[in-house]
Amino acid sequence: GDDLVTNVQVREPTKAEALIKLTSYRHKTTINPVEKNLPANPGKENFAGNSQFYWILIQKASGADVDPHLVEAIVWQESNFKPKTCSGKKACGLMQLIPSTAQSLGVTDRKDPEQSIDGGTRYFVEQLNTFGDVKVALAAYNAGPAAVIAYRDGIRIWNRSRGKWINPNKIKTPLGIPPYSETRNYVKNICTRCNCCESSVS
């Protein structure tokens, strides 16, 4: 996202507290066990491909009261667990933070796994608090909250960093999810992987 960022303060739980909270998600979500042929139980085996980031994911997500499987799926979609990867849009790290967002979150090293997961999780929580829906929050994380507001309200918003209007034709889309194929696929891929958008408005 490019704008509308505020800080979300969280208390990082102990490992024991994090595991208790992770177990509380057990009945409603896991990384898709059919797709990944994984047991539907919380544990390292559910975090395919990123065991080295296991405790960071669990503690940062649990501290923000977000399903760790959802945060894992965001990391998977954003960077495929490669902490030093950067995109052409100047986003870097596990959760692909752009410089302005990282600065607003107090992230000084976007390629540091702990800082990236901490900052990215807090940024996602901000979107969730703002829009109240997992799918819409994911769309805001990908396209920016201004894009969601523009398409939700059917208005155009000037994007200063890119020098162009968002939603110049003032159209409305369901829930405000922008009609960008990248964003639609982003939301779909994450929700399919974590199987944790059931409570979200469809």
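**Reading the disulfides and the core**

In this predicted model, a disulfide joins Cys194 to Cys196, with the sulfur atoms 1.8 Å apart.

Me: How should I read a disulfide, and which way does the link of Cys194 and Cys196 turn, left-handed or right-handed?

Reply: A disulfide is a covalent bond between the sulfur atoms of two cysteines. For Cys194 and Cys196 the torsion about the S-S bond is about -85°, so this disulfide is left-handed. Cys194 is buried, with a relative accessible area of 0%, and Cys196 is buried as well, at 10%.

Me: How many disulfides does the structure hold, and what pattern do they follow along the chain?

Reply: The structure holds 3 disulfides, and with bonded cysteines counted along the chain their pattern is 1-2, 3-6, 4-5. Cys191 is joined to Cys197, S to S 2.1 Å, in a link that is left-handed, with -80° about the S-S bond. Cys86 and Cys92 form a disulfide with their sulfur atoms 2.0 Å apart, and this link is right-handed, at 110°. Cys86 is partly exposed, with a relative accessible area of 38%, whereas Cys92 is buried, at 7%.

Me: How do I read a nonpolar core, and which helix gives the most to the largest one?

Reply: In soluble globular proteins, nonpolar side chains tend to be buried together. Here the largest nonpolar core has 39 residues, and those with the most contacts inside it include Leu70, Val71 and Phe124. Among the elements that give two or more residues to this core are helix 4 (68–79) and helix 6 (113–131), while helix 7 gives the most, with 7 residues. Val71 touches residues including Leu57, Met95 and Ile117, not counting residues up to four places away in sequence.

Key:
Residues numbered from 1 in each chain as written. Predicted model: local features only at pLDDT ≥ 70, side-chain atom pairs only at ≥ 80, totals over all residues. Heavy atoms only, no water. Core = buried A, V, L, I, M, F, W, Y, C linked by side-chain atoms within 4.5 Å. Buried < 20%, exposed > 50% of the residue type's maximum accessible area, 1.4 Å probe, protein only. Helix = DSSP H or I, 4+ residues; strand = E, 2+ residues; numbered from the N terminus. Contact = heavy atoms within 4.5 Å. Disulfide = S-S within 2.5 Å.
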